[in-house]
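Work through the exercises below with the sequence and the model open. Each task is followed by a solution in steps.

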Amino acid sequence: MATYNLKINGQTHSVEADDDTPLLWVLRDHLDMVGTKYGCGIGQCGACTVHVDGSATRSCLLQAAQLEGKEITTIEGLSENGDHPVQQAWKEVDVPQCGYCQAGQIMTASAFLDKNPNPNTEEIKSAMHANICRCGAYNRIHKAVAIASEKNS
Amino acid sequence: MSTLIPSKFSRRGFLRTSTLASGGMLIGFNLFNACKPKAEMPVDISKLNYSDFNAFIKISDEGMVTIFSPNPEIGQGVKTSMPMLIAEELDVPWEHVNVVQGELDTENYTRQLAGGSQSIRLGWEPLRQTGATARQMLVNAAAARWGVDASECTASKGVITNAKGETLGYGDVVKEAAMLEIPENVGLKDPKDFTVIGQDATNVDIDKIVTGKPLFGLDYKAEGMVYASVLRPPAFGQVLESYDDTAARAVPGVIDVIKIGAKLNAIAEKNWTIQMGSSEKVVVIAKTTWQAIKGKKALQATWTDDSTLESTEYQDKKLFEILNGDEFTTKREDGDVKKAFAEADEVIERTYESPFLPHNCMEPMNFYANVTAEKVHLVGPIQTPEPTAEMVAMMLGRDLKEVKLEMTRMGGGFGRRLYSDFVMEAAEIADAIRKPVKMVSTREDDMTTGVYRPSIKYRIKAGIKNGEITSYHLKEAAINVNMYGLIPHFFPAGCIPNYKVDVGNYKSNITTGAWRAPYTNFLSFAEQSFFDEIAEITEKDPVQLRLDLLQKVKGTTDEKIQYSAERMEDVINLVVEKSGLKTPKEGVYQGFCAYYCHNTHVAQVADVVLENNQPVVKKVHVAVDCGIVVNPTGALNQIEGGIVDGVGHGMYGDFKFKEGMPESNNYNSYRLIRMKEAPEVETHFVENTLAPTGLGEPTLPPAMAAISIAITKATGGRMYKQPFIKNMPKKQVIG
Ligand code: FES
Ligand code: FES
């Protein structure tokens, strides 16, 4: 057990956790930030995606010990009022079915669009390919990413 | 003023009202029964009682409408489309309506509409009638205030207007309305006057979903809550012999290690919603989820074999023994198939095979339980709250009144959350440790201790005489249970004079159950590919073959035949037109099929192209007749989801066993469809004003059929076995 100072959504949180605790569970159990979801725990589904220094990263594979000094952003901190262009596009397209995978989809999409603001269809597909949506909302996820990229530009 | 049409659905006393202490009017109603004489309306909004009422509507002094309903949501949008029915007849703008998921008190609990394809169909009349009755009460109250006859007043968008043009908002008259007598048999709107139904209403939880607010079972927390991870037998057919928890107890954060199963096993046979093995289980209780999972990994347990440890080869052998044998139960029989086969010019017989499938809900199974001397409090994602609460009460020897079950939003259902094994475990754990606890399954637990769609095999035989199908014999070999309800009477029942459906099964220790579109999810592929092959063999156009068959069922008086030839023709014609099936494009191979299930008629055409000689599903055109489309955006979402799910599981879904042990346990060994493999879906609705039917399930089964047929067109070879990716014919490349 050790104490870690983690910078999450612009605030520093001091967390006591076992060394090997994945960031996912630190967020969910220690900090009550449950927007980041558990889907597989092995980096396969993307439900747990957060931004670490601006890059989409699987929080189930990261340990608290690796994260001191890094900027972590979760779905709760993506925007102040839920109006990030990607969140807006998600609402406009009415993407979610069960909704469970969507925080991860949104975090993947927003990091991707930061790096590639005007992607083509194939680039969107490649960027989103690693995030599973068991409900099969892929058509709408794709559309929402495209719309968000228009809002960006 | 819009004309009202008398409702066929006449019920008395299904609705009650009260004035809320905090202001506003409360309406409690029941969907299918009258309220009990003793049912009392609450006057405190925090004390809604769902044991006497299915749901409540609150109309505030400001005219805002809140609908409180304990109906779960499983990604099928029922939580949105059902309140729309109330809002339509109540005549309030959808923006003024808020939906709150209620909790469930279980005393004398009347059947709720669980999410699923049936909900919207069953709720269609009663929900609208509730809204209409409430509107009439508000109108009556306004008329009384004005001293005019109610027939001189109209209501629209939350405002009542009299003949002089004076207006009153709903909020202005709620107090008086709550005191009035409840009118009976209020008429319903003509569908052409709908203003809410047929408009896009986004998911009611959308703001919370896109900002990561707590919504799902896994997100629920309570003061002092601990976490539990359960070690279950690694193989079906094994039971716990002994365990050593020394190392587990040494894991930081682990609070306790206990054994459960005795209480649950004593009642496990009592209800179909409990599907689980008979072994005891070891549970690690810890301060956090991660510590509980680590503690479980550190457990040392030994297991003994208690019954056959099945492998996939064993299952295949058993199923073929059934198909090749002659012990069947006949589910439908017309004419004499045997005689017809003997007289046929040609007899075609094919066998189709499907694997087991796990549900893989994105949110793994989990449940919160807190058992105290006073009550049993349960919170989480479950589709069958009523029997679950009853079973928990029975298991713990408690009065049902003491059980309170709250439903959260569900991260996927697909049938898995009909079964309450994980709720029972959580309750047994909470009873033992007497602390608030959340039982959390890991993905591995979830995938390897599931309630699977079992492997099924179909053998279909058809006799052709003078170019016509004169006989048809379908045999089903399944595991644990066979097809149910009206499935044996679906198309082509009624179209072929000599027709027979026979079923048989063997009992397995592997837990099995419903999976999105039970039975039809595979039957559709078998039958529709079979028809496509018959069309090829008899040199007929596959669309015409279906249309010719449908002619023969028209005017049937057989009540078991619920599909409509006319509605089927409509979807077929629509999809043929929109997909360009008659004007083929170079390099695009199209597969056609038409299917009816879950009360909805669907036809699809899949477009497949070859990329590097590999067939790729590019697009699926779908025509749907689901009656009135209540919420188009929700409907399209379900249709697209069903098709993508069907394509994914048809292509990749595979789940094997070796000596009772599942061979896949997470997404690295079980392939789910992803973005690049998902086809574009283009949907076309048949427009009509018939009562709505569900959409959560009916587009999935035909998708598997349509893509398999298109792949056949592309590669020249037929598939008889899922998953297609492993059974795909190689393209014969020339040159
Ligand atoms: S939970 Fe992290 S990738 Fe699935
Ligand atoms: S919306 Fe259900 S998993 Fe994506």
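**Exercise 1. A helix and its buried face**

Task: Compare the span of α10(B) with the expected value, then find how its buried residues are arranged around the axis.

Solution. The model is a predicted one. Step 1: α10 of chain B runs over residues 385–396, which is 12 residues. From first C-alpha to last, α10(B) reaches 16 Å, close to the 16 Å expected at 1.5 Å a residue.

Step 2: list the buried residues, using the cut-off of 20 or more other C-beta atoms within 10 Å. In α10(B) they are Pro385(B), Thr388(B), Ala389(B), Met391(B), Val392(B), Met395(B) and Leu396(B).

Step 3: look down the axis of α10(B). The buried residues fall within an arc of 165°, so they line one face of the helix. An α-helix has 3.6 residues a turn, so residues three or four places apart point the same way.

Step 4: check what follows the helix. Gly397(B), just after α10(B), has a positive phi of about 65°.

**Exercise 2. Positive phi outside glycine**

Task: Locate Asp91(B) and decide whether this residue is buried or exposed. Do the same for Asn466(B).

Solution. Step 1: Asp91(B) has phi near 65°, a positive value in a residue other than glycine. Asp91(B) sits in the loop that joins α1 (78–90) to β6 (97–101) of chain B.

Step 2: Asp91(B) counts as buried because it has 25 C-beta neighbours inside 10 Å.

Step 3: for Asn466(B), a residue other than glycine, phi is also positive, near 50°. The loop in this case lies between β23 (456–465) and β24 of chain B.

Step 4: Asn466(B) has 7 C-beta neighbours inside 10 Å and therefore counts as exposed.

**Exercise 3. Cis peptide bonds**

Task: In which loop of chain B is Pro492(B) found, and in which is Pro723(B)? Give omega for the bond from Phe491(B) to Pro492(B) and for the bond from Gln722(B) to Pro723(B).

Solution. Step 1: the bond from Phe491(B) to Pro492(B) is cis, with omega near 10°. Pro492(B) belongs to the loop between β24 (468–479) and β25 (498–506) of chain B.

Step 2: the bond from Gln722(B) to Pro723(B) is cis, with omega near 0°. Pro723(B) belongs to the loop between α17 (700–715) and α18 (724–727) of chain B.

**Exercise 4. Two domains of chain A**

Task: Describe the contact between domain 1 and domain 2 of chain A, with attention to the side given by domain 1.

Solution. Step 1: the domain assignment gives domain 1 as 2–77 and domain 2 as 85–152. Their centres, taken over C-alpha atoms, are 21 Å apart.

Step 2: domain 1 puts 15 residues into the contact and domain 2 puts in 13 residues. On the side of domain 1, β3 (49–52) and β4 (55–58) of chain A are the elements that give two or more residues. The largest share, three residues, is that of β3(A).

Step 3: by residue class, this side of domain 1 holds six nonpolar, eight polar and one charged.

**Exercise 5. The contact of chain A with chain B**

Task: How many residues does each chain give to the contact, and which element of chain A has the largest share?

Solution. Step 1: chain A gives 46 residues and chain B gives 49 residues.

Step 2: at least two residues each come from α1 (23–30), α2 (85–93), α3 (102–115), α4 (121–128) and α5 (138–152) of chain A. The largest share is the four residues of α5(A).

Step 3: the side of chain A that touches chain B divides into 22 nonpolar, 15 polar and nine charged residues.

Definitions and conventions: Residues are numbered from 1 along each chain as its sequence is written. Chains are lettered from A and ligands numbered from 1 in the order in which they are written. This is a predicted model: local features need pLDDT of at least 70, side-chain atom pairs count only at pLDDT 80 or more; totals for chains, interfaces and linings use all residues. A residue is buried if 20 or more other C-beta atoms lie within 10 Å of its own, exposed if 12 or fewer, and partly exposed in between; C-beta atoms are placed from the backbone. The expected span of a helix is 1.5 Å times one less than its number of residues. The arc is that of the directions from the helix axis to the C-beta atoms. Domain bounds come from an automatic or database domain assignment. Two residues are in contact if their C-beta atoms, placed from the backbone, lie within 7 Å. Ala, Val, Leu, Ile, Met, Phe, Trp, Tyr, Cys and Pro count as nonpolar, Asp, Glu, Lys and Arg as charged, and the others, Gly among them, as polar.
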